[in-house]
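User: Please take a close look at the helix packing in this model. I would like the angles, the distances and the residues that make each contact.

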Amino acid sequence: MIKKLIDKLLGKSSAAPASRARPKFGKRQEIAAEVHKIDPNLVDERAANVVSTLQQAGYEAYIVGGAVRDLLVGLKPKDFDVATNATPEQVKGLFRRAFIIGRRFRIVHVVYGRGREHEVIEVSTFRAYLDNAAAEQVAGNERTSKSELAGMQHAVDATGRVLRDNVWGPQEEDAARRDFSINAMYYDPKRQIVVDYHDGLKDVQNRSIRMIGDAATRYREDPVRIIRAVRFAAKLNALGFKIEPKTAAPLVKSQQLLADVPQSRLFDEMLKLLQTGHSIATVDKLKELGLATGIYPLLDLVVERADQPFVRAALQDTDRRVGEGKPVAPSFLLACVLWADVRDGWKTRVEHKRQPPFPALQDAIEDVFSARIGDVSGRGKLAGDMRETWTMQPRFDKRTGSAPWSLVEQPRFRAAFDFMRLRADCGEIDEALAEWWQEFSLASDERRQDLLDQAREESGRARVRVVKGPKREADASDVAAAPQDDETAVAPKKRRRRRKPAGERVATTPAPDNGV
């Protein structure tokens, strides 16, 4: 009694501190097939096989997360994840091609198929819901505190951001530590039941994106959840999903927490935003939520330039390809976003610094890499692909000799051509040039030679028009009649004959001139 009186005078509550209070894990609900109405035919058979293999070995296993959400709204998921009570080592031992990855979260990738046709089923172990106040704490981040984190299973930094989370627990705790209720459901394809702890099915039916627990606290645990909220809102916008008000309220204020997230992780999250087939909707959602700037510098630039015809065409093209199930490369979209910087820097170096065109282009590219990309992507494949896409653009202007033949054989030709095609669609270059390369890239060798001959003749006519005056239309006779001592004159086209195969009778009359 005396203790309660003292606590009251001191303003202390007799209840347990919030950090030590047992969280609400929710009540387990098993939802039958006639209620959730998931179509079993939409379930990937390899994901079902992973679940079956784990269950046959005596473990719990379910399809989990976004795949369940998509199945509930009638969509065929692009990716399937599995959750189980088996440890990563136990999972790895059950599959021939399985690999343990990750430090922050240790998971297993079970691989089916090879090459471009391979599929990865991601398998995670149920994680315990732990009080971050009881976790081990480090002063730095993943990079600066790597040696300290090596032996830790549950660790946070000074802000409360989780750096390690590898303590296993029951399914109810695993559900509580997931972010949004619509991503916290488990589906058993064998029994065809959905296990739901946090009214995720109701939120799916109400088209609501709701954070489990206190939103501000959950964003503090992992600030990348801010970006995930935007991604889900953009992806599900067409189906009528909205971010629940209490989940949306702390987004802008919590944005400053992203400053402590490694740049490489932010770069990866940015690519997810732009390459899931909803990039236009993502830009609109960022503006709507007040997050148009401040998440990541390169993403800020995408949002800023999204209304420019060339960038918007690139975003729309990316969304289209994803919708058609075609692959997309981050290098292509980023090359489109940064093209204005490269083009303007290139022009400045040629016109004002009098640099030769190709070295000027290379220097302009280096300037853009330093200013916009930095060391996040290194100078590896992504940067290399962007560089090739840009440096191949002036080569499309040359349609003589062996240049076109060698250009179409380049590994990055298709990406560079698509880039040039977008430039033509936006009026930056002549549409006829894009059409010529389109035909040349698909034509037979004979037709390619015809196209080269035509291009050479058109080039000759253009030069003659410059000599004779702009008002007079030149024709083929002008080429032959041009004075031979004129530096701009074009020599008459020489007849080229095919080499006859050995043993073939030589014709007694000249072959017809077919332009080959």
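Analyst: What follows is a walk through three helix pairs. The model is predicted. Two packed helices are described by the angle between their axes and the distance between the axes. Each pair below is read that way, then by its residues.

Start with helix α17, residues 330–351. This helix has 22 residues. From first C-alpha to last, α17 reaches 31 Å, close to the 32 Å expected at 1.5 Å a residue. Yet α17 is bent: the axis turns by about 50 degrees at leucine 338.

The partner of α17 here is helix α15, residues 297–305. Their axes come within 11 Å and cross at roughly 75 degrees. That angle lies in the 65 to 115 range, so α15 counts as roughly perpendicular to α17. On the α15 side, the contact uses Leu298, Leu301, Val302 and Arg305. On the α17 side, Leu334, Val337, Leu338, Ala340 and Asp341 take part. Leu338 thus appears twice in this account: as a contact residue and as the site of the bend. By class, the contact holds seven nonpolar residues, no polar ones and two charged ones.

Next, helix α21 (residues 413–425) and helix α22 (residues 431–442). Here the axes come within 8 Å. They cross at roughly 155 degrees. An angle over 145 counts as roughly antiparallel, and therefore α21 and α22 are described that way. Their crossing is left-handed. From α21, the contact draws on Phe413, Arg414, Phe417, Met420, Arg421, Ala424 and Asp425. From α22 come Glu431, Leu433, Ala434, Glu435, Trp437, Gln438, Ser441 and Leu442. The split is eight nonpolar, two polar and five charged. Among the charged residues are Arg414 and Arg421 of α21 and Glu431 and Glu435 of α22.

Last, helix α10 (residues 224–235) against helix α14 (residues 279–288). Their axes are 8 Å apart, and the packing angle is about 125 degrees. That value falls between the perpendicular and antiparallel ranges, so α10 and α14 are oblique to each other. The crossing of α10 and α14 is right-handed. Val230, Ala233 and Ala234 of α10 meet Ala281, Thr282, Lys285 and Leu286 of α14. Five of these residues are nonpolar, one is polar and one is charged. The polar residue is Thr282, and the charged residue is Lys285.

Conventions: Residues numbered from 1 in each chain as written. Predicted model: local features only at pLDDT ≥ 70, side-chain atom pairs only at ≥ 80, totals over all residues. Heavy atoms only, no water. Axes fitted to C-alpha atoms, helices over the stretch in contact; angles between N-to-C directions. Helix = DSSP H or I, 4+ residues; strand = E, 2+ residues; numbered from the N terminus. Parallel < 35°, antiparallel > 145°, perpendicular 65-115°, else oblique. Contact = heavy atoms within 4.5 Å. Expected span 1.5 Å × (residues − 1). Bend = angle between axes of the 7 residues up to and from the residue. Left-handed = near helix turned anticlockwise from the far one by under 90°.
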